[in-house]
Amino acid sequence: TGLCFLRLSSIYAPQEEWHEAASYVEANLEPFDCLMFFRVGQGAYNYYAKSHPRQINFTDYLDKTKQAGNFEKISPGSSQELNDMLKTYHRVWVVLTHYRVFGGVDAMEDWLQRSGYSIFDQKQLRGVKIILYARG
């Protein structure tokens, strides 16, 4: 058996500007936009957000390696599923926290680029990075 401690303050840390991040995204959100997160960022964002448009947890689509649980890539089946899901959305807001998903951010950025998305805008807050991707 093991003992695990979880500090709630490490998820919703005051040094991270989640309230500002949620306000910024909500002020700039358009009808055909969706949000993409990794699991930890999604929980923190939803805690502060007033509205909850379509959200995608990218972690659910990544394949893990056998060593150390690092994320290696997105499988072709998961890639197609994501592409089908995003057909109706023109822009994708990616909201990242300081918490790093090992290899996941690189896999997500690579997948978005290969799927025809490019960076349209970026905003760096304390502990939170917001990247707006658009197709074309």
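**Exercise 1. Which residues in H2 meet which residues in H3?** Find them, then work out how the two helices lie to each other.

*Solution.* One thing before we start: this is a predicted model.

Step 1: Locate the helices. H2 covers residues 18–28 and H3 covers residues 39–48.

Step 2: List the contacts. From H2 come Trp18, His19, Ala21, Ala22, Val25 and Glu26, and from H3 come Gly41, Ala44, Tyr45 and Tyr48.

Step 3: Sort them by class. The contact of H2 with H3 has seven nonpolar, two polar and one charged residues.

Step 4: Look at the axes. They come within 8 Å and cross at roughly 75 degrees. Angles of 65 to 115 degrees count as roughly perpendicular, so that is the word for H2 and H3.

**Exercise 2. Work out the layout of the five-stranded sheet.**

*Solution.*

Step 1: Write down the order. The sheet is open, its strands are ordered S2-S1-S5-S7-S6, and the pairing is mixed.

Step 2: Pick out the edges. S2 (55–57) and S6 (117–125) each pair on one side only, which makes them the edge strands.

Step 3: Check the twist. From one strand to the next, it averages 20 degrees.

Step 4: See where the "mixed" comes from. S1 and S5 pair in the parallel sense over four bridges, with Met36 having Val94 in S5 as its bridge partner. S5 and S7, on the other hand, run antiparallel and are joined by seven bridges. S6 and S7 are also paired in the antiparallel sense, over eight bridges.

Step 5: Follow one residue of S7. Tyr133 stands opposite Val92, and Ile119 stands opposite Tyr133 too.

**Exercise 3. Is strand S5 largely enclosed or largely open?** Decide, using its side chains.

*Solution.*

Step 1: Split the residues by direction. Arg91, Trp93, Val95 and Thr97 point one way from S5, while Val92, Val94 and Leu96 point the other way.

Step 2: Check burial. Residues on both sides of S5 are buried.

Step 3: Conclude. Seven of the seven residues are buried, so S5 is largely enclosed by the rest of the structure.

**Exercise 4. Find the buried side of helix H5 and say which strands H5 touches.**

*Solution.*

Step 1: Collect the buried residues in H5 (104–114). They are Gly104, Val105, Ala107, Met108, Trp111 and Leu112.

Step 2: Ask how they are arranged. They sit on the same side of H5, because they cover an arc of only 160 degrees around the axis. A handy reminder: an α-helix has 3.6 residues a turn, so residues three or four places apart point the same way.

Step 3: Turn to the other face. Asp106, Gln113 and Arg114 are exposed there, on the face turned away from the buried side.

Step 4: Find the neighbours. H5 packs on the sheet and touches S1, S5, S6 and S7, and its direction makes about 170 degrees with that of S5.

**Exercise 5. Are the loop residues Ser115 and Thr59 buried or exposed?**

*Solution.*

Step 1: Place Ser115. It's in the loop between H5 and S6.

Step 2: Apply the cut-off. Buried means under 20% relative accessible area. Ser115 has 13%, so Ser115 is buried.

Step 3: Look for its contacts. Leaving out residues up to four places away in sequence, Ser115 touches Asn83 and Arg135.

Step 4: Repeat for Thr59, in the loop between S2 and S3. Thr59 is at 13% relative accessibility, so Thr59 counts as buried. Its C-alpha atom is separated by 7.8 Å from that of Phe37, 22 residues apart along the chain.

How values were computed:
Residues numbered from 1 in each chain as written. Predicted model: local features only at pLDDT ≥ 70, side-chain atom pairs only at ≥ 80, totals over all residues. Heavy atoms only, no water. Buried < 20%, exposed > 50% of the residue type's maximum accessible area, 1.4 Å probe, protein only. Arc of directions from axis to C-beta. Pairing = 2+ DSSP bridges. Axes fitted to C-alpha atoms, helices over the stretch in contact; angles between N-to-C directions. Contact = heavy atoms within 4.5 Å. Parallel < 35°, antiparallel > 145°, perpendicular 65-115°, else oblique. Nonpolar A, V, L, I, M, F, W, Y, C, P; charged D, E, K, R; others polar.
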